[in-house]
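User: Please take a close look at one part of this predicted model, the salt bridges that join a helix to a loop further along the chain. Set out which residues pair up and how exposed they are.

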Amino acid sequence: MEGAPDQRRPSLFSPFQMGRFRLSHRVVLAPMTRCRAVDGIPGPAHVEYYAQRATDGGFLITEGTVISPTGAGFPRCPGIYTREQIDGWKMVVDAVHAKGSIIFCQLWHVGRASNQIYQPGGTAAPISSTDKPISGRWKILMPDGKYGNYPTPRRLAASEIPQIVQDYQQAAINAIEAGFDGIELHGAHGYLIDQFLKDGINDRTDAYGGSLGNRCRFLAEVSQAVVSAIGASRVAVRISPAIDHLDAYDSDPLRLGLAVVHRLNALQRDAGERLAYLHVTQPRYVAYGQTEGGRHGSQEEESRLMRAVRDAYDGTFVCSGGYTRQLGVEAVEQGDADLVSYGRLFISNPDLVERFKSDAPLNRYVRATFYTPDPVVGYTDYPSLHQTQRSRL
């Protein structure tokens, strides 16, 4: 069956058939903002960075890639809405394919998690499902490296939403033109799609707010649009129903997660083929990945939510959020996930798959260089295991 493990007891290092894509292992490069794209265009540093992390039969997901001029909320974020950006990504994709890897482009619009300085003209308010700003508990990284407050966003009129849906669709088409094997819709972590999904943010009273079905409508329309453009098997969705990053609270995360799964399952049935995968971040992402702790339940509650969503979804399930090697091994062996995506550990270990396979020591990541503009430091200068061993000789 499509999406089924190859063995009765699969491992983190056993092959997996992800729809049309044959993977040699289940360690995935998670999408991570890295702020290295000068003028929003991927360059030679991106080629080296992604090629370093590519393995034969491996699977990579790019950093969040902006779908339109209104979509950015970090400095130096790559986009995929201009010819120069498409051509830049094509160089990355070609290098990754040359090493035998599969690569998806994560399509991103930050919504209210932006600032006027990142908007066209430098003065417009960011757009969102709401006009409620992100609280002062969270800060936005500015182009000068300092942190500022999030401004009051502009609530999208219902008549404007079809254009945003079209922006996602065109970005998906552009990604395929660049050579990507598929796209992942970023519907998680408090960004635009999540701003429609979560009742702690979405206070609309029209067809895109109020009931759970209405709150899922924007994601459903975006998903349908990209599937109609590039095919279901090249489309994936990422969600984080229980994560409160950027004030993205929901009163019933499990009910929300299951509602999204219901919509995606229906989309698959209508399309006559499965989506590539569903990617879910579990709540410990907030505890491990942020400087400020978020509201999250016990480990047992987190596991129940993840398992319920996993069991309800009809297709390949990818998990992420603070996973170590051992936690990834256990997740696959116990059937909690088909694939496990890694972020920070992949930043500091370009050969993470090899290190995991041999249970070798890992390089420590340097958080201070996660978002620096340097094309080398903290980006492509982490040594491989072989380089470390040679330096000791």
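Analyst: D338 and R310 are both buried. Their side chains meet in a salt bridge, with N to O at 3.1 Å. This pair links distant parts of the chain, since R310 belongs to helix α9 and D338 to the loop between α10 and β14, 28 residues apart.

A second salt bridge involves D336 and R307, whose closest N and O atoms are 2.7 Å apart. D336 lies in the loop between α10 (325-333) and β14 (339-342) and R307 in helix α9 (residues 299-312), so this pair ties together parts 29 residues apart in sequence. With a relative accessible area of 29%, D336 is partly exposed. R307, at 31% relative accessibility, also counts as partly exposed. Both values fall between the 20% limit for buried and the 50% limit for exposed. D338 and R310, by contrast, are buried, which means that each has under 20% relative accessible area.

These pairs can be set beside others in the model. The structure holds 17 salt bridges. One of them joins the side chains of R154 and E160, with N to O at 2.9 Å. R154 is partly exposed at 38% relative accessibility, and E160 is partly exposed at 26%. Elsewhere, R83, D87 and E177 are linked in a network of salt bridges.

Terms used
Residues numbered from 1 in each chain as written. Predicted model: local features only at pLDDT ≥ 70, side-chain atom pairs only at ≥ 80, totals over all residues. Heavy atoms only, no water. Salt bridge = Lys/Arg side-chain N within 4 Å of Asp/Glu carboxyl O. Buried < 20%, exposed > 50% of the residue type's maximum accessible area, 1.4 Å probe, protein only. Helix = DSSP H or I, 4+ residues; strand = E, 2+ residues; numbered from the N terminus.
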